[in-house]
Amino acid sequence: MRIKNFIILTLACTMALASCQGGKDLTVHVNPYMGNISHVLVPTYPTVHRPNSLLRVYPERADYTGVQVKGLPVIVTSHRGRSAFNLSFWQGEESGLEPYYMYFYDNEKITPYSYEAYFYNEDVHVRFSPDERAAIYELSFGRKDRPAYLIFNAGNGGMEWDGERLEGWQYIDGKTRIWLCAEFEPAPEKCISGTEGENTFSALQFPLGTEEIEVRYGVSLIGQEQAGKNLSGIKEENLESIMARGREVWNGKLGKIEVSGDEPDMMAVFYTSLYRTYERMINITEDGRYYSAFDGKIHEDTVDFYTDDWIWDTYRAAHPLRTIIEPEMEGKMIYSFLRMASQSPHPWMPTFPEVTGDSRRMNSNHGVATVADAACKGIRGFDLAEAYRYCKAGITEKTLAPWSGCEAGPLTKFYWEHGYIPAIADGEKETYAEVHPFERRQPVAVTLGTAYDTWCLAQIAERLNMTEDAMYFRERAIDYKNIFNHETRFFHPKDENGEFITPFDYVRSGGMGARGAYGENNGWVYRWDVPHNIPGLIELMGGKEAFSSELDRMFCTPLQDSKYSFWAQLPDHTGNVGQFSMANEPSLHIPYLYVYAGEPWKTQKCINDLVREWFRNDLMGMPGDEDGGGMSAFVVFSMMGFYPVTPGLPVYVIGSPMFEKVTINLDNGEKFTIRCLNYSPDNKFIQSARLNGKPLDRCWFTHKELVSGGELEFVMGDRPQKEWASQDTPPTSLSEIENL
């Protein structure tokens, strides 16, 4: 090792150790393999990256059970996406060269900041670590009697070797490209280029007897020159120093929340979940510039540009978590939404912004919820009036039909005239062209989601003193009542004539994914999808006692079919406890609803049991899809002991804290500490509480109380204390909170 690199390594390691909270390395609690084997659908991935960075990789295989990997990844450009470019290796005769190789591997080790594996047929040991836009691979070859080759592959792109650097580009989609610039030590003897279909490859031959090859590369969304600049950013680094710096950066992020207890597996679940909330959104700014797929142009800006977000999944918990631990970043992310809208053909708030643009998936337009939530919590960095214009346009001018980016048509007009999306019966032919042919209308999900979105619009309009808009959208926020069936006390699809669709089964009707009525989940889950007016929902249900009883019934009602038959139709509706699904985002707030019925002890039992049952430190420790940190943020909140039931209100509902002590290190220099007296894994029930030394007999607290710093102290027990906080239910309006 060169002396310069040794000095860099020593300094980096010293800095990394000094940065760890109290000398502790919190990354040791992160298990990237948690949930890598799925229950039904897409598993989690063991992603290696810097927090919220452009460059991310993970092994290319179906899931953890895959016995082979397809080369070495270079950059994953979207969550769940395959790698752009691919790096393969080969030892042997030139005649045996192929673009891609499948490798059997062993001794794989993955941390948030590094990858390591041994490929036993080839006798090659690989190590890897990235920074934000560049990375280093180190390959050790065990066979010294054969020439070594590295093969870079570019699907639908091009590669060029100039004698010192390998440069290339690849289309991610029809308009967005990723550029690559790579250097090698030792230098290759020659380069062999070729094509296979749309794939272009460059095979670099190294001298006979080469034992170790170092590959340094940079990537860019802007262009080839910028990829070279990004590579130059690690000019003075080596693999060890990049790993040390990566560990330091990750400890800084994970250390924003310090937890302590005597359950190592629970520590792993917590910090793994926190790590996953930093995979997305990604910062694609490069030296003050960024490429926007929303208009296909390169822009200059002093504020970082973030993309790759599935807002339907993340508005519920991931964005609210950032308002606490990453407020400045959250403001930049929302400002990024505004830039996306201004750069798009229609000035609409995005719904599923990715590196390649807005894919407009799922239902509703919950970007408005991220804006409303940030605004009520004092997040800065964006123009609220501008945000409101894009949010309003995205809800009133764009079609309300799911999975569509077209302008509003007759179906949407029907909603604004009648207050609900009309349904058709299973098997009935679709009549509206604006409806996606596969996803269908999702009439109940869209009606409920739009009612919530308009409530969010009303909150923003009121803050902007737009009285007329605030009044109109506040009235539209109760449109959910238009599809409530008072006889069954479910939200029920209704046709254009105002008649409920019959016959109808709240468990199975609606076809694949229940899209003909709901969306991914059945009627039992969407029954509770009124987060903005829970007292109104309680009233519809017949009062608090009936409301609580129906929650009980959901958890106790069986699938009414075999699991394979149920999941064949509802593959997202996994993690079942009765008809409840722990595996999909619309369910996340449901266990907390007992608090609004005056029975917080039931929430304490449900949350503690659900987290321990379904989120575990093992390969199947995630009950469903982890869509961009949404479900992981739910775990982070719930294990700390509270949850934001209604994004758009600065209130947190208390659940069941699962650690002896939690300290949130806030960006303003304050600390908010949650302490459990009589702590034990068996003691899930709160007996009493104190906030900043004063008795607390309510099962909620405000965002202001949290960010002001202080201490929330619970006395825990193994039996429910049914009287604690049973009379003071959470506020459901900004005026209630402001008058406290």
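This talk walks through selected local features of the structure shown above, which is a predicted model.

Good morning, colleagues. I shall begin with strands, continue with aromatic rings and cavities, and close with some backbone details.

Let us take strand S17, which covers residues 199-206. How many of its residues are buried? The count is eight of eight, and the strand is accordingly described as mostly covered. In a regular strand the side chains alternate between the two faces of the sheet. In S17, Asn199, Phe201, Ala203 and Gln205 point one way, while Thr200, Ser202, Leu204 and Phe206 point the other way. Residues on both sides of this strand are buried.

Strand S17 has neighbours, and I shall name two of them. Strands of a sheet pair through backbone hydrogen bonds, either parallel or antiparallel. Strand S12, residues 148-155, runs antiparallel to S17 and is joined to it by eight bridges. Strand S16, residues 190-196, also pairs with S17 in the antiparallel sense, over seven bridges. Thr200 is a useful residue to locate on the screen: its bridge partner in S12 is Ala154, and Thr195 also stands opposite Thr200. Strands S16 and S17 form a hairpin with two residues between the strands. In that hairpin, Gly197 takes a positive phi near 65 degrees.

Further along the chain there is an open sheet of three strands, in the order S30-S31-S36 and with antiparallel pairing. Which strands stand at its edges? They are S30, residues 642-643, and S36, residues 700-702; each has a single partner strand, so one side of each is left without a neighbour in the sheet. Strand S31, residues 651-654, is joined to S36 by three bridges, with Val651 facing Thr702 as its bridge partner.

I turn now to the aromatic rings. The structure holds 44 aromatic pairs. In Tyr452 and Trp455, the ring centres are 6.1 Å apart and the planes meet at 15 degrees, so this pair is stacked. Both residues belong to helix H11, residues 443-463, and are three residues apart, about one turn of the helix. Are they buried or exposed? Both Tyr452 and Trp455 are buried.

A second pair, Phe615 and Phe634, is tilted, with 6.1 Å from centre to centre and 50 degrees between the planes. This pair links distant parts of the chain, with the two positions 19 residues apart in numbering: Phe615 is in the loop between helix H17 (600-614) and helix H18 (630-640), and Phe634 is in helix H18. Phe615 and Phe634 are both buried. They also belong to a cluster linked by ring pairs, whose members include Tyr592, Phe637, Phe642, Tyr643 and Phe701.

Two lysines deserve mention in connection with rings. Lys494 lies over the face of Tyr420, 5.4 Å from the ring centre. The charged end of Lys722 sits over the ring of Trp601, at 4.7 Å from its centre.

Next, the empty space inside the model. Rolling a probe the size of a water molecule over the atoms shows where empty space is left. A search of the whole structure finds twelve cavities of 30 Å³ or more. How much space lies in the largest cavity? The value is about 100 Å³. Among the residues lining the largest cavity are Tyr315, Arg316, Asp529, Glu585, His589 and Tyr643. The full lining divides into seven nonpolar residues, one polar and three charged. Tyr643 thus appears here as well as in the aromatic cluster.

Finally, the backbone. The peptide bond from Glu185 to Pro186 is cis, with omega near 0 degrees, and Pro186 is placed in the loop between strand S15 (177-185) and S16. A cis bond also runs from Arg280 to Met281, with omega near -5 degrees. Met281 is found in the loop between helix H4 (264-276) and strand S20 (282-283).

Asp308 has a positive phi of about 75 degrees, although it is not a glycine. This residue lies in the loop between strand S23 (306-307) and helix H5 (311-314). Why does Asp308 count as buried? Its relative accessibility is 0%, and buried means under 20%. Ala725, likewise a residue other than glycine, has a positive phi near 60 degrees. Ala725 is in the loop between strand S37 (710-717) and helix H20 (734-738), and at 0% relative accessibility it counts as buried.

That concludes the presentation. Thank you for your attention.

Note on methods. Residues numbered from 1 in each chain as written. Predicted model: local features only at pLDDT ≥ 70, side-chain atom pairs only at ≥ 80, totals over all residues. Heavy atoms only, no water. 1 Å grid on protein atoms, 1.4 Å probe; cavity = no way out; pocket = protein on both sides within 12 Å on 5 of 7 lines; lining within 4 Å. Points joined across faces, edges and corners; volume = space filled by probe spheres on them. Nonpolar A, V, L, I, M, F, W, Y, C, P; charged D, E, K, R; others polar. Phe/Tyr/Trp six-rings, centres within 6.5 Å; stacked < 30°, edge-to-face > 60°. Helix = DSSP H or I, 4+ residues; strand = E, 2+ residues; numbered from the N terminus. Buried < 20%, exposed > 50% of the residue type's maximum accessible area, 1.4 Å probe, protein only. Lys NZ or Arg CZ within 6 Å of the ring centre and 35° of its normal. Pairing = 2+ DSSP bridges.
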